[in-house]
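This report reads one protein chain through its charged pairs, its buried positions and its surface. Please keep the sequence and the coordinates open while reading.

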Amino acid sequence: MKPVVSIIMGSTSDLPLMKKAMELLEEMQVPFEVHALSAHRTPKEVEEFATGAESRGIKVIIAAAGMAAHLCGVIASMTTLPVIGVPISASLEGLDALLAIVQMPPGVPVATVGINASHNAALLAVQMLSLSDTDLARRYAQYKEDLKVKIIKANEELSGIKYTYKTN
């Protein structure tokens, strides 16, 4: 089995937040790999990863970065693969990372999800991969349907809560 998604984080301190992405990819049966790479501490390794990812079969890169948040943009500058940035709340409640990732210069796009939202990053990767994988598209459609069912069930449960002035 060869990975089609790479999950990259600046350090293993981001691992607890990135587990949500791993769990979603696992649930969707998408082969993935995980690496710790730092734009500032291991720039040569970042370059080797980014320039070699496509030839290894990677189709989407999810990159988590906090504070200065250069990792996502540096990787995007070295590959034509889609890069999804996950701003990490390492300082300033993640606002610094969010702003750093969304303000990429013209020609170097990085798709960006919410602060600490690795689950949504994995979902976006699944959507991208679903364009050319009908089995994955079917699993993703079922996932979306399950979300609807969950909300319908929640509303049924809420309707059972009784208060004198509750009208529904």
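Leaving aside its neighbours within four places in sequence, which residues is Ser130 in contact with? In this predicted model, Ser130 is in contact with Leu136, Ala137 and Tyr140 once neighbours within four places in sequence are set aside. Ser130 itself lies in helix α5, which covers residues 118–130, and with a relative accessible area of 13% it is buried. The side chain of Ser130 also reaches the backbone oxygen of Val126, at 2.8 Å.

**The chain as a whole**

The chain contains six helices and five strands, and from the N terminus on these elements follow the order β-α-β-α-β-α-β-α-β-α-α. Along the principal axes, the C-alpha atoms fill a box of roughly 65 × 40 × 30 Å. Of the 168 residues, 38% count as buried, while the chain exposes about 9,800 Å², of which carbon and sulfur atoms supply 58%. Among contacts with a separation of 6 or more, residues 24 or more positions apart account for 66%.

**Helix α6**

Helix α6 comprises residues 134–159. The 26 residues of α6, taken at 1.5 Å a residue, should span 38 Å, and this agrees with the 38 Å that separates its end C-alpha atoms. At the start of α6, a side-chain oxygen of Asp133 comes to within 3.1 Å of the backbone nitrogen of Asp135. Leu136, Tyr140 and Tyr143 are buried in this helix, and what covers the buried residues of α6 includes α5 as well as α1, which is formed by residues 15–27. Two of these buried residues, Leu136 and Tyr140, have already appeared among the contacts of Ser130.

**Salt bridges**

How many salt bridges does the structure hold? There are three salt bridges in the structure, and they are set out below with the distance between nitrogen and oxygen.

| Salt bridge | N to O distance | Location |
|---|---|---|
| Glu33 and Arg56 | 2.7 Å | Glu33 in β2, Arg56 in the loop between α2 and β3 |
| Asp135 and Arg138 | 2.5 Å | both in α6 |
| Glu145 and Lys148 | 3.6 Å | both in α6 |

Side chains of opposite charge can pair when their charged atoms come close. For Glu33 and Arg56, the side chains meet at 2.7 Å, N to O. Because Glu33 lies in strand β2 (residues 32–36) and Arg56 in the loop between α2 (43–52) and β3 (60–66), this pair ties together parts that are 23 residues apart in sequence. The accessibilities of the two partners are 12% for Glu33, which counts as buried, and 34% for Arg56, which is partly exposed.

The other two bridges belong to helix α6, with Arg138 and Asp135 three residues apart, about one turn of the helix, and Lys148 and Glu145 likewise three residues apart, about one turn. An α-helix has 3.6 residues a turn, so residues three or four places apart point the same way. Arg138 is exposed, with a relative accessible area of 54%, whereas its partner Asp135 is partly exposed at 41%. In the other pair, Glu145 counts as partly exposed, at 37% relative accessibility.

**Ala76 and its surroundings**

Is Ala76 buried or exposed? At 11% relative accessibility, Ala76 counts as buried, and its place is in helix α3, residues 71–77. When residues up to four places away in sequence are not counted, Ala76 touches Val83, Val108, Pro109 and Val110. The C-alpha atoms of Ala76 and Ile115, by contrast, are separated by 19 Å, these two residues being 39 residues apart along the chain.

**A nonpolar patch on the surface**

Which residues form a nonpolar patch on the surface? Leu92, Leu95, Leu99 and Val102 form this patch, and together they have about 390 Å² of accessible area. One of them, Val102, is placed in helix α4, which runs over residues 95–102, and it is partly exposed, with a relative accessible area of 45%.

Definitions and conventions
Residues are numbered from 1 along each chain as its sequence is written. This is a predicted model: local features need pLDDT of at least 70, side-chain atom pairs count only at pLDDT 80 or more; totals for chains, interfaces and linings use all residues. Side-chain values use heavy atoms; hydrogens and water are left out. A salt bridge is a side-chain nitrogen of Lys or Arg within 4 Å of a carboxyl oxygen of Asp or Glu. Helices (H or I, at least four residues) and strands (E, at least two) are DSSP runs, numbered from the N terminus. Buried means under 20% relative accessible area, exposed over 50%, partly exposed in between (1.4 Å probe, protein chains only). A polar contact is a pair of N or O atoms within 3.5 Å; within protein, one must be able to donate a hydrogen and the other to accept it, and residues adjacent in sequence count only if both atoms are side-chain atoms. Contact means heavy atoms within 4.5 Å. Patches are made of residues with over 30% relative accessible area and no salt bridge: like charges are joined within 9 Å, nonpolar side chains (Val, Leu, Ile, Met, Phe, Trp, Tyr) within 5 Å. Accessible areas come from the Shrake-Rupley method with a 1.4 Å probe; for residues, only the protein chains shown count as cover. The expected span of a helix is 1.5 Å times one less than its number of residues.
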